[in-house]
Amino acid sequence: MDPRQQLAMLEIPGRRGSFVERLKAMEFFPLCATGVEVLQLNITRRCNLTCRHCHVEASPDRQEMMLEEIITECIRIAQMFEIDTIDVTGGAPELHPQLPRLLRELAATKKRIIVRTNLAILTEGACQSFPQIYRELGVEIVGSLPDYTSERTDRQRGSGTFARCITAMSLLNKIGYGREGTGLILNLMHNPPGAFMPGNQTSLEHEYKRQLLERFGVEFNGLFVLTNCPIGRYLDYLISSDNLNDYMTILASAFNPKAVFNVMCRNTLSVGWDGRLYDCDFNQMLGLKVNDGSPTHIREFDLKRLSRRQITVRNHCFACCAGAGSSCQGVLDT
Amino acid sequence: MSEPYYKPEDLADFPNIGEHSPELGASFFDYYGKATGAGKLTEREKALIALTVATVRHCPYCIDAYTNKCLSLGVGNDEMMEAIHVGAAMVAGDTLAHATQVRKITRKKEM
């Protein structure tokens, strides 16, 4: 669905008001950035999987790949500026032929480097070399695993995916990832396999750890829970299952003003495959570039101006501000 | 036919029940939060207890809220059904246990 059509679908039922109206009511509009502490690079929309919840609508057929010159520019920005964390995402980042070069050059900056992987890809062909590359470069891994049961994970991500994720976790554990005392971080990302909000992060982490260790003998460091953003393929699911109205009601009812203060777009900048700049990966998929007045391309990167930019918000932003709040690093500190 | 009494959107008004009695409302929500939050029992175990009570008490609001909460906490359909059967067994047992009262009276009254 066209991004404009997607945004038009996200009406808030009843009299709760739009996201902008809620920010205005708390005298916090416009929402402004507080800095650029995380540079998130979406280097490809290609993926080996076609998950039903994917806001990127990634699939094996997608062609978008970050150009070599844009990757070089991102590395230059990482080298030049005091940005704490470089967060590499996709699609499946492992499908980008330049990922090893990107990671090697970023590792030389001694910054925190995160790669978001779907795990299953680490069991496929040439991608099986990535765990060792990640280990060698001290990359922090965030692996997507929507659920600790094969039934619920495979319903969302395709038949047989869960088993491959467990195989990948086992391989990562063998080289030290997710094991206490190694310093090699393997965090998991949970997102609800249905039209409901995620549960308490601590409760879910406890259950994930217990179930995965007892049933499969695999370990991980921490669990991040993420509320599904009602865009992309997840929006299609909400519409086709007649859940959109209920879901938007749930998000708007659970609006938590405290979460707004710590929402990830305030300290994150998202870079698209073509070098365009966005406030977050969700806005990137909706084509909502950073606000007018801020540099809109990585070639024009200006840390001072981008650190003070106004964030572009629409009703999909309720997903990050509902309940305990939600981000690429899990619940927000509220 | 008029509208049904129970509508899903009514649940959104639940936080406002303290409007005309704010102190008691606040006391209730404080108690409710503490009673249903994690303690010696996990939040997950308490959600299953709450779901069981909700079905036994036939409360559509609570069934909606706690089915969603169970889903959110990764509780499986099989686990929810197992818990509901505990409730069903308790209701059946509760009914049948009262047969003892009937039996006591009939024993006394009949020749």
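In which sense do strands S1(A) and S2 (residues 85–89) of chain A pair, and over how many bridges? In this predicted model, S1(A) and S2(A) run in the parallel sense and are joined over five bridges, one of the pairings from which the sheet of chain A is built up. The paragraphs below begin with chain A as a whole, turn to its sheet, and end at the contact with chain B.

Chain A contains 13 helices and eight strands, and its C-alpha atoms fill a box of roughly 50 × 45 × 40 Å when the principal axes are used as the frame. For 334 residues a compact globule would be expected to have a radius of gyration near 20 Å, and the 19 Å found for chain A agrees with that expectation. Buried residues account for 52% of the 334 residues in the chain. Of the contacts in chain A with a separation of 6 or more, 74% link residues that are 24 or more positions apart.

The eight strands form an open sheet of mixed pairing, and reading across the sheet gives the order S6-S5-S4-S3-S2-S1-S7-S8 in chain A. Strand S6 (223–225) and strand S8 (277–278) of chain A stand at the edges with a single partner strand each, so that one side of each has no neighbour in the sheet. At the S6 edge, the partner is strand S5 (residues 186–190) of chain A, which pairs with S6(A) in the parallel sense over three bridges; within this pairing, His190(A) has Val225(A) as its bridge partner in S6(A).

Further along the order lies strand S1 (residues 38–42) of chain A, which is largely enclosed by the rest of the structure because five of its five residues are buried. Its two faces are both covered, since the buried residues include Val38(A), Gln40(A) and Asn42(A) on one side and Leu39(A) and Leu41(A) on the other. Toward S2(A), Leu39(A) has Ile86(A) as its bridge partner, and the two strands together with helix H3 (residues 68–80) of chain A make a right-handed β-α-β unit. Toward strand S7 (residues 268–271) of chain A, S1(A) is joined by four bridges, again with the strands running parallel, and here the bridge partner of Leu41(A) is Val271(A). The leucines on one face of S1(A) thus provide a bridge example for each pairing, Leu39(A) with S2(A) and Leu41(A) with S7(A).

From the sheet, the description moves to the interface between the chains. Here 13 residues of chain B are in contact with 15 residues of chain A. On the side of chain B that touches chain A, the elements that give two or more residues are helix H2 (43–56) and helix H3 (60–72) of chain B, and H3(B) gives the most, with four residues. By residue class, that side of chain B divides into four nonpolar, five polar and four charged residues.

One residue on the chain A side, Ser203(A), can be followed in detail. Ser203(A) lies in helix H8 (residues 201–216) of chain A, and it counts as buried because 22 other C-beta atoms lie within 10 Å, where the cut-off for a buried residue is 20 or more. Leaving aside residues up to four places away in sequence, Ser203(A) touches Ala38(B), Thr42(B), Glu43(B), Arg44(B) and Leu73(B). Within its own chain, Ser203(A) stands 10.0 Å from Leu223(A), C-alpha to C-alpha, with their positions 20 residues apart in sequence counted as their separation; Leu223(A) belongs to the range of the edge strand S6(A).

Technical notes: Residues are numbered from 1 along each chain as its sequence is written. Chains are lettered from A and ligands numbered from 1 in the order in which they are written. This is a predicted model: local features need pLDDT of at least 70, side-chain atom pairs count only at pLDDT 80 or more; totals for chains, interfaces and linings use all residues. The radius of gyration is taken over C-alpha atoms; the globule rule is 2.2 Å times the number of residues to the power 0.38. A residue is buried if 20 or more other C-beta atoms lie within 10 Å of its own, exposed if 12 or fewer, and partly exposed in between; C-beta atoms are placed from the backbone. Two residues are in contact if their C-beta atoms, placed from the backbone, lie within 7 Å. Two strands pair if DSSP finds at least two bridges between them. A crossover is right-handed if, with the strands pointing away from the viewer, the path from the first strand over the helix to the second runs clockwise. Ala, Val, Leu, Ile, Met, Phe, Trp, Tyr, Cys and Pro count as nonpolar, Asp, Glu, Lys and Arg as charged, and the others, Gly among them, as polar.
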